[in-house]
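This report looks at backbone geometry that departs from the usual. Please view the sequence and the structure first.

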Amino acid sequence: MKFLIKTLVIIILFCSVGCEQGSLTKGNSVYESIKSSKLIEFYNKGILGEGVTVAILDTGVAPHTDIRPNLVVFKDFVKGKDEAYDDNGHGTNVAGIIAGTGNSSNGMYSGVAPSARIIVLKVFDNSGQGDMFALSDAVNWLVLNQQEYDIRLVSMSFGFESNTYLDNSVLKSLIDRLWENNMIVVSSSGNNGLTNGEMTVPSIYQNVISVGSLKGIDNKKEISNFTSLYERGERLESKPDLYAPGENIITISNDLTTNYIAVDGTSFASAIIVGELALILQQEPTLTNKQILNKIETRFWSDMFIY
């Protein structure tokens, strides 16, 4: 897909104050975030996301010990480098929550689906900026390689506030291409706040599973103060689609001397949902994206997810 106009968009990577980092002693492992739901039964059955491939469009991924075993492809649409890297950190944080093995912590800080395969497509630079060309190239790559790698889930833990029809229409067409190829797109709702905080693109699209953040890990719906819930000043009834813990979540760092950090943001709540969907897809691999979205919209999985 070619575009005559190169539209620069400022991508808001959804972490509070540059991936707000906290103390590990106050942080929560992703295991804590799901142990009180029916999803824990997957772990008890040994279902850890094996055979499910997740694509992550983000700032890249560091070659962390916890992620290397599950990283099957790294593609750099920013600088064209061959080796995996992350000069921002956000993509590494997201990847660790989805599919980190926990090798560096004896499993304590593993991701939600520690046996899932991941493909990381770097589309944003060190400051979190990108353009529609990079996003378009990444989506084209996913469509061309979907069958080879059996890509089912696409993590888009980013968003932008578009003021032009062009921005919206181009990104919407990219999302639609993924949808038409049976891929499930999951996106964070945004960190613009509960009071008139605008949700961002692509989380507002109907064929995207949008995720808001919760304050705690006890399965209670206490929404984080930074979670975006509005579109054009109106409180959305159907969005975000799901909620997950997004505060003080422990994940891997792109600083390999640090190993782990605690992070806040709807991006990380979104990553938890991606990991949970990977568990479901291992259990029920024939589910289509339409069936999954329908089950979420009808609250079929109310014992697994928080709506």
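Is Asp150 buried, partly exposed or exposed? The model is predicted. Asp150 has 38% relative accessibility. The band for partly exposed runs between 20% and 50%, so Asp150 counts as partly exposed.

## Positive phi at Asp150

Asp150 is not a glycine, yet its phi is positive, near 55°. The residue sits in the loop between α4 (132–149) and β8 (151–156).

## Positive phi at Asn259

Which sign does phi take at Asn259? The angle is positive, about 75°, and Asn259 is not a glycine. Its place is the loop between β15 (249–252) and β16 (260–263).

Asn259 has 26% relative accessibility. That value lies over the 20% limit for buried and under the 50% limit for exposed, so Asn259 counts as partly exposed.

## Cis bond before Pro202

The peptide bond from Val201 to Pro202 is cis. Its omega is near 10°. Where does Pro202 lie? Pro202 belongs to the loop between β10 (184–188) and β11 (208–214).

## Cis bond before Pro240

Lys239 and Pro240 are also joined by a cis peptide bond. Omega here is near -10°. Pro240 is found in a loop, with β13 (234–235) on one side and β14 (242–245) on the other.

Conventions: Residues are numbered from 1 along each chain as its sequence is written. This is a predicted model: local features need pLDDT of at least 70, side-chain atom pairs count only at pLDDT 80 or more; totals for chains, interfaces and linings use all residues. Side-chain values use heavy atoms; hydrogens and water are left out. Helices (H or I, at least four residues) and strands (E, at least two) are DSSP runs, numbered from the N terminus. Buried means under 20% relative accessible area, exposed over 50%, partly exposed in between (1.4 Å probe, protein chains only).
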